[in-house]
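Here is a short briefing to read with the model open beside you. Take it topic by topic, and find each side chain as you go.

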Amino acid sequence: MPKSKSPQLVLSLDHPTLTGFPSLLQYGILLHVEQPAPIMPLLLGLPGVTEAYLRDEVQTIFVDGVAADDLQQHLSAGRTLALSAAMPGLAGAIFRREGMHGSLRSRPAHKASAQAGGGGDIILKLFNSVASDLAEPLLQSGVYMRGEHVHAFGSRRKDLFEQIEKIVLDGSPLGVDALLARLKNIPKIRVQTELVEAPVT
């Protein structure tokens, strides 16, 4: 990801606490592009993502809420890409990538074609086991998010944030309440976790 002047948030936590963070990725991480980019190379640039993982584990792809099959279609800034493992039941069969029931979708994926545009961010949302699988490599590497989304997650899971060993925003330690108050006014923030050893009891 490109170097940015966005505020830097570092969360020092133990591994059990990290297991509560995959749902943060449902709010969407920001992937910067200078021009429309194909989905596959965009995803392969992320920590923990391989072609085998995309083939075997990512069964459902949505572009702006429309089920998609083609990993080579181009996305421009402002688009939203969502990845999920297999969904249950008939809905899963319909939305499964390249599934035999894809014709039952209300709108075919090719209508979600890329729009021309300049540089900016694509929003990537991760769900269920995909979020669980990728939370650790992504968060330890650092991801960019909208401050309001981190605020929404932190407000909903304040209990989780209170278990964090140390919260540091741009080099300054903060308490949970102070962090939440600051996040509301931050358009874009880099969030990174670092694992610390849990105290021996």
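**Charged pairs, helix packing and aromatic rings**

Arg157 is partly exposed, with a relative accessibility of 23%. Please keep in mind that this residue, like everything below, belongs to a predicted model. The protein chain has eight helices and twelve strands, and buried residues make up 46% of its 201 residues.

**Salt bridges around helices H7 and H8**

- Arg157 forms a salt bridge with Asp159, and their closest N and O atoms are 3.2 Å apart.
- Its partner Asp159 is also in the partly exposed class, at 40% relative accessibility.
- Lys158 and Asp177 meet through their side chains in another salt bridge, at 2.6 Å from N to O.
- Because Lys158 lies in helix H7 and Asp177 in helix H8, this pair ties together parts that are 19 residues apart in sequence.
- Lys158 is partly exposed at 30% relative accessible area, whereas Asp177 counts as exposed at 51%.
- In total, the model contains five salt bridges.

**Lys188 and its two partners**

- Lys188 forms a salt bridge with Asp121, with the closest N and O atoms 3.2 Å apart.
- This salt bridge links distant parts of the chain: Lys188 sits in the loop between H8 and E12, while Asp121 belongs to strand E8 (residues 120-126), 67 residues apart.
- Lys188 also lies over the face of Tyr144, at 5.2 Å from the ring centre.
- With a relative accessible area of 22%, Lys188 is partly exposed; the cut-off for buried is under 20%.

**The buried side of helix H8**

- Helix H8 covers residues 176-183, and its buried residues are Val176, Leu179, Leu180 and Leu183.
- Viewed down the axis of H8, these buried residues fall within an arc of 95 degrees, so they line one face of the helix.
- What covers the buried residues of H8 includes three strands to look for in the model: E1 (8-13), E10 (166-169) and E12 (189-195).
- The cover also includes helix H6 (147-156) and helix H7 (158-161).

**The aromatic rings**

- There are four aromatic pairs in the structure.
- One of them is Phe21 with Phe153, a tilted pair with 5.6 Å from centre to centre and 55 degrees between the planes.
- That pair connects distant parts of the chain, 132 residues apart: Phe21 is in the loop between helix H1 (15-18) and strand E2 (29-33), and Phe153 is in helix H6.
- Phe21 and Phe153 are both buried.
- Phe153 and Phe161 have ring centres 6.0 Å apart and planes at 65 degrees, so this pair is edge-to-face; planes over 60 degrees apart fall in that class.
- Phe153 has a relative accessibility of 0%, and Phe161 is buried too, at 2%.
- Together with Tyr27, the residues Phe21, Phe153 and Phe161 form one aromatic cluster.

**The chain as a whole**

- Among contacts in the protein chain with a separation of 6 or more, 82% are between residues 24 or more positions apart.
- The accessible surface of the protein chain is about 10,100 Å², and carbon and sulfur atoms account for 51% of it.

Definitions and conventions:
Residues numbered from 1 in each chain as written. Predicted model: local features only at pLDDT ≥ 70, side-chain atom pairs only at ≥ 80, totals over all residues. Heavy atoms only, no water. Buried < 20%, exposed > 50% of the residue type's maximum accessible area, 1.4 Å probe, protein only. Helix = DSSP H or I, 4+ residues; strand = E, 2+ residues; numbered from the N terminus. Arc of directions from axis to C-beta. Contact = heavy atoms within 4.5 Å. Salt bridge = Lys/Arg side-chain N within 4 Å of Asp/Glu carboxyl O. Phe/Tyr/Trp six-rings, centres within 6.5 Å; stacked < 30°, edge-to-face > 60°. Lys NZ or Arg CZ within 6 Å of the ring centre and 35° of its normal. Areas by Shrake-Rupley, 256 points an atom, 1.4 Å probe, with all protein chains shown as cover.
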